[in-house]
Amino acid sequence: MGEAVDRPLCPSVSVVIPTYNRPYPLAELLEALSRQTYRSLEVIVVNDGGEPIDDVVVLYPELDIHVIDRRDNEGHVAARNAGVQAARGELIMLCDDDDLVLPCHLERMVAALEHADFAYADAEIVQYRVENDQRIPFARFLFAYEYDLEAMRTFSTYVPSGSVYRKSLHDEIGSFDPSIHNYWDWDFFLRAASACRVARVAAATVLYAFSADGDNMSRQLDDRRRRYLRRLCEKHGLGDLPMKNFWLLLDEPQVARRRAESEVIWDGKPIVSRFWAQKKGGNY
């Protein structure tokens with residue numbers, strides 16, 4: 001994209017980030033936000049009972065960062081609800097603390113909301129190895145699928161990180177549902193899509209961190225997750241859906257048929273944060 005956008009009439013965006021004891025990835029995300037071409041934003045970091053993050057936040061004075069320190073670790077869904085409640089912006093952007101957005105991301109998302117109320121972008125799924133506390137990408141693939149609401153009731157291809165929507169949406173559909181935990185994003189998307197105009201932005205401006213070793217939440221196949229899926233199905237009348245992890249989802253023919261073209265922008269280089277440079281004495 002072109003030069004930074006900093007016009008008084010630009011709608012303000014509140015970026016809501018739940019975090020728990022991941023200072024290095026969080027710092028990379030703050031670095032990514034500091035590079036956004038769209039400037040009208042505040043950052044709300046909800047520290048969900050983790051170690052203090054003041055030494056990370058202080059390194060990004062150009063960002064309007066508000067930290068909510070929660071005494072107890074109540075989970076990422078409750079943390080998001082606290083962040084949205086504190087948000088002052090007209091728009092909300094969601095982001096996990098280990099995901100990243102490219103510099104043009106917010107500018108494109110806000111533009112998409114000229115004709116929609118809720119926008120989400122395509123993503124690149126990225127696997128990292130960690131060297132000296134720096135994440136080094138070693139594998140990536142495009143995650144881009146046509147928006148089909150009926151198909152989304154069977155297999156969700158919504159990546160919540162980077163999605164932007166009007167905060168007023170919560171007045172209509174309520175907050176994120178912690179009783180569905182692992183499937184909070186699927187539930188939120190289905191509720192949002194039934195109430196407002198949704199736009200998919202065909203550009204991979206989100207870098208979604210994923211571990212093939214089973215560390216990622218979406219790889220957990222256990223009884224608790226089955227209970228959450230049953231609650232989701234009952235809430236939305238989805239029938240008896242099978243539980244699929246991420247890799248099995250991609251192999252489903254119904255999902256494969258929805259694969260779409262998308263603009264790939266990322267140069268593949270890691271984001272080096274000021275926090276890492278300060279701690280490790282590296283070059284920034």
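**Close-up views of a predicted model**

**View 1. The two faces of helix H8.** On one side of H8, Asp223 and Glu234 are exposed. Turn to the other side for the buried residues: Arg225, Tyr228, Leu229, Leu232, Cys233 and His236. These six span an arc of only 140° around the axis, which means that they share the same side of H8. Their packing partner is helix H7, residues 184-195. Keep in mind that this is a predicted model.

**View 2. The length and end of helix H8.** The helix runs over residues 223-236, 14 residues in total. At 1.5 Å a residue the expected span is 20 Å, and the end C-alpha atoms are 20 Å apart, so the two values agree. Follow the chain just past H8 and you meet glycine 237, with a positive phi of about 65°.

**View 3. Leucine 30 in the largest nonpolar core.** This core has 60 residues, and Val13, Ile17, Leu30, Leu33 and Met93 are the ones that touch the most other members. Leaving aside residues up to four places away in sequence, leucine 30 touches Ile17, Val43, Val56, Val57, Tyr60, Leu63 and Ile65. Another core, of 24 residues, lies apart from this one and includes Val84, Tyr120, Tyr158 and Tyr165. In soluble globular proteins, nonpolar side chains tend to be buried together.

**View 4. Proline 61 in its loop.** Here the loop between helix H2 (54-57) and strand S3 (64-70) holds proline 61. Its relative accessibility is 68%, so proline 61 counts as exposed, the cut-off being over 50%. Also look for serine 34: its C-alpha atom is 9.5 Å from that of proline 61, although 27 residues separate the two along the chain.

How values were computed: Residues numbered from 1 in each chain as written. Predicted model: local features only at pLDDT ≥ 70, side-chain atom pairs only at ≥ 80, totals over all residues. Heavy atoms only, no water. Core = buried A, V, L, I, M, F, W, Y, C linked by side-chain atoms within 4.5 Å. Buried < 20%, exposed > 50% of the residue type's maximum accessible area, 1.4 Å probe, protein only. Contact = heavy atoms within 4.5 Å. Helix = DSSP H or I, 4+ residues; strand = E, 2+ residues; numbered from the N terminus. Expected span 1.5 Å × (residues − 1). Arc of directions from axis to C-beta.
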